[in-house]
Amino acid sequence: MQLGVIGLGRMGGNISLRLMRAGHHCVVYDHSPDAVKRVAGEGAIGAADLADLLRGLEKPRAVWVMLPAGEITDQTIAALAEHMEPGDTIIDGGNTFYKDDIRRAKEIAAKGLHYVDVGTSGGVWGLERGYCMMIGGPAEVVERLDPIFATLAPGIGDVPRTTERHNRDRRPEQGYMYCGPAGAGHFVKMVHNGIEYGLMQAYAEGFDVLQGKASTELPEDQRYTLDLPDIAEVWRRGSVVSSWLLDLTASALAENPTLSEFTGRVSDSGEGRWTVEAAIEEAVPVPVLTTSLYARFRSRSGNTFGEKLLSAMRNKFGGHVETHG
């Protein structure tokens, strides 16, 4: 299939590459000419602007927008909609707030355009591992675009199959799913990221306790100098707390057990806040997710080892760099 891709950063560029490696054709645009040149060098058709990108696609056209959530994505989608024709589709694969999806879908539907929201998980590893995707929008449009999603998804791989999944949708087992109408995909991804906050916080606090066991504040016969890289490694092997986040934790600790290159200042990119806000709207108690969000706020004024580990995990799975100020 053909796909336009706007935004060639950590994920947009790799999405284009993964699609092209499977034989799809990509027309790409980014505000950085160097980014366009880099992906075009791998086989994409580079575009000079949005109108040029659309001219390079056959109708009905589909364009994947992979930009930071908020104003830049709003502006880009509005500009695209001005150049598109009825039957064309805009896909937002960023971390957009689901209520913005609902609004946008209504706005562009008036022009005869389709809107699909894709919550995309996979970070900097998605090129090789594939992307877990949670998709919202018109079911028939999502079905038409299935070859794109099937290529980007990780597939079954070596993950054990779940029993009793008889006569169910095949897509979730492949690593992507249709969640419902506009906004549903990003809503599911939002909660996914809220859970991610909680999981990361649990690991960070646990390793903080392990590291603190050497404290001189404890009686001498109760002090242990524990090997944190080895603990992370042994927990990866058959433990009930094993996970990809633990794999990344083990990697970070093996590289530098003190995590001295991190300050422990942990940012939040919005989804954790939105998850807590949704829980408040639904009157659903989420104490773990709420506390993990607040822990990130607290990390910006003096830091613990656990917060350094949070920063290390974010760097490993998403390439996130600590912000200062």
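Begin by selecting helix α10, residues 184–212, which contributes three residues to the lining of the largest cavity, the most of any element. Helices here are DSSP runs of H or I with at least four residues, numbered from the N terminus. The model is a predicted one, in which local features need pLDDT of at least 70 and side-chain atom pairs count only at pLDDT 80 or more, while totals for chains, interfaces and linings use all residues. Residues are numbered from 1 along each chain as its sequence is written, and side-chain values use heavy atoms, with hydrogens and water left out.

Next, display the lining itself: Gly94, Asn95, Thr96, His186, Lys189, Met190 and Glu271. The space enclosed is about 30 Å³, and a search of the whole structure finds one cavity of 30 Å³ or more. A cavity is a set of points, on a 1 Å grid over the protein atoms alone, where a 1.4 Å probe fits but cannot get out; lining residues have an atom within 4 Å of a point. Grid points are joined across faces, edges and corners, and the volume is the space filled by probe spheres set on the points. By class, the lining has one nonpolar, four polar and two charged residues. Ala, Val, Leu, Ile, Met, Phe, Trp, Tyr, Cys and Pro count as nonpolar, Asp, Glu, Lys and Arg as charged, and the others, Gly among them, as polar.

Keep α10 in view and add helix α13, residues 271–282. The two axes come within 8 Å and cross at roughly 105°. α10 is therefore roughly perpendicular to α13, a term for angles of 65 to 115 degrees. Axes are lines fitted to C-alpha atoms, for helices over the stretch in contact, and angles run from 0 to 180 degrees between N-to-C directions. Select Phe187, Met190, Val191, Asn193, Gly194 and Tyr197 in α10, which meet Glu271, Gly272, Trp274, Thr275, Ala278 and Glu282 in α13; contact means heavy atoms within 4.5 Å.

Now exchange α13 for helix α14, residues 287–298, whose axis comes within 8 Å of that of α10 and crosses it at roughly 70°. Gly194, Ile195, Tyr197, Gly198, Met200 and Gln201 in α10 meet Val288, Leu289, Ser292, Leu293, Ala295 and Arg296 in α14. This contact has seven nonpolar, four polar and one charged residues.

Finally, select Arg103 and Asp100, whose side chains meet in a salt bridge at 3.4 Å, N to O. A salt bridge is a side-chain nitrogen of Lys or Arg within 4 Å of a carboxyl oxygen of Asp or Glu.

How values were computed:
On a 1 Å grid over the protein atoms alone, a cavity is a set of points where a 1.4 Å probe fits but cannot get out, and a pocket is an open set with protein on both sides within 12 Å along at least five of seven lines; lining residues have an atom within 4 Å of a point. Helices (H or I, at least four residues) and strands (E, at least two) are DSSP runs, numbered from the N terminus. Angles under 35 degrees count as roughly parallel, over 145 as roughly antiparallel, 65 to 115 as roughly perpendicular and the rest as oblique.
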